[in-house]
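Q: I am new to this structure and would like a close look at a single part of it. Please describe that part in detail, together with what surrounds it.

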Amino acid sequence: MANKNQYLCVLIMGLPGSGKTTVAKILSKQLKAVFIEADDHHSIQNIIKMSKGHPLTDLDRKKWLSSILNKARESLKSQNVVIACSALKENYRKFLSSLNFKLVYLKIEHNLALDRILKRKNHFMPSSLLESQIKILEEPRKALIIDANFEVNKIKKIIVKHISKFRNN
């Protein structure tokens, strides 16, 4: 059941610390969209596993991705949706592809990501998992790629401009 484009779906992806949540929150306000934080869809077991410094497997991520997909599908029936989700592998993005999302990849360098992760408060994912995330990252070929070092409002403006161009074509 694909999204028929009545409502817009934007998927903000990237490594931990790239600013996915921050960007998605302000973008969702601009677009009057539902904001979906993928981290909120992890099972307790996944959160415990990551908290202990163990990376998730593809199997661990299956229910997580299903939960995000179901929430987004339901929301797209009546409104725009912006999702903040790492979506590091092509398989994960393919699993969510029925949402017909516009993909935004916040590209970040290792040191900046690590610095941001170390400054986060109240997050279950330790900095020790960054390396495993980098290892599985499959950079998208078809995406709006933005330097995560840019100021948040600049990133939002780039995304909005890109969406406007797409809708006018």
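A: **Strand 1 and its surroundings**

In this predicted model, helix 1 (residues 20–31) lies across strand 1, strand 2, strand 3 and strand 4 (102–107). Its direction is at about 170 degrees to that of strand 3. Helix 3 (residues 58–76) likewise lies across strand 1, strand 2 and strand 3, and runs at about 160 degrees to strand 3. Strand 1 is named in both of these arrangements, and the account that follows is centred on this strand.

The setting may be described before the details. The protein chain contains 7 helices and 5 strands. Read from the N terminus, its elements follow the order β-α-β-α-α-β-α-β-α-α-β-α. The strands form an open sheet of 5 strands with the order 2-3-1-4-5, and their pairing is parallel. At the edges are strand 2 (33–37) and strand 5 (144–147), each of which pairs on one side only. From one strand to the next, the twist averages 20 degrees.

In the order of the sheet, strand 1 stands between strand 3 and strand 4. Strand 1 covers residues 9–14, and it pairs with strand 3 (residues 80–84) in the parallel sense over 4 bridges. In this pairing, Val10 of strand 1 is placed opposite Val82 in strand 3. Towards strand 4, the two strands also run parallel, and 5 bridges join them. Here Ile12 stands opposite Val104 in strand 4.

The residues of strand 1 may now be taken by direction. In a regular strand, side chains alternate between the two faces of the sheet. Cys9, Leu11 and Met13 point one way from strand 1, whereas Val10, Ile12 and Gly14 point the other way. Every one of these residues is buried. Strand 1 is accordingly described as mostly covered, with 6 of its 6 residues buried. For the protein chain as a whole, 44% of the 169 residues count as buried.

Helix 3, which lies across strand 1, offers a further residue for inspection. Ser75 lies in this helix. Is Ser75 buried or exposed? Its relative accessible area is 6%, under the 20% limit for a buried residue, and Ser75 is therefore counted as buried. Leaving aside residues up to four places away in sequence, Ser75 touches Val34 and Val81. Val34 falls within the range of strand 2 (33–37), and Val81 within that of strand 3 (residues 80–84).

A residue of another helix offers a contrast in exposure. Leu112 has its place in helix 5 (residues 110–119). With a relative accessible area of 25%, Leu112 is partly exposed, because this value lies between the limits of 20% and 50%. The C-alpha atom of Leu112 is separated by 7.7 Å from that of Gly17, although these residues are 95 residues apart along the chain. For the protein chain in general, among contacts between residues at least 6 apart in sequence, 78% join residues at least 24 apart.

Conventions. Residues numbered from 1 in each chain as written. Predicted model: local features only at pLDDT ≥ 70, side-chain atom pairs only at ≥ 80, totals over all residues. Heavy atoms only, no water. Pairing = 2+ DSSP bridges. Axes fitted to C-alpha atoms, helices over the stretch in contact; angles between N-to-C directions. Contact = heavy atoms within 4.5 Å. Buried < 20%, exposed > 50% of the residue type's maximum accessible area, 1.4 Å probe, protein only.
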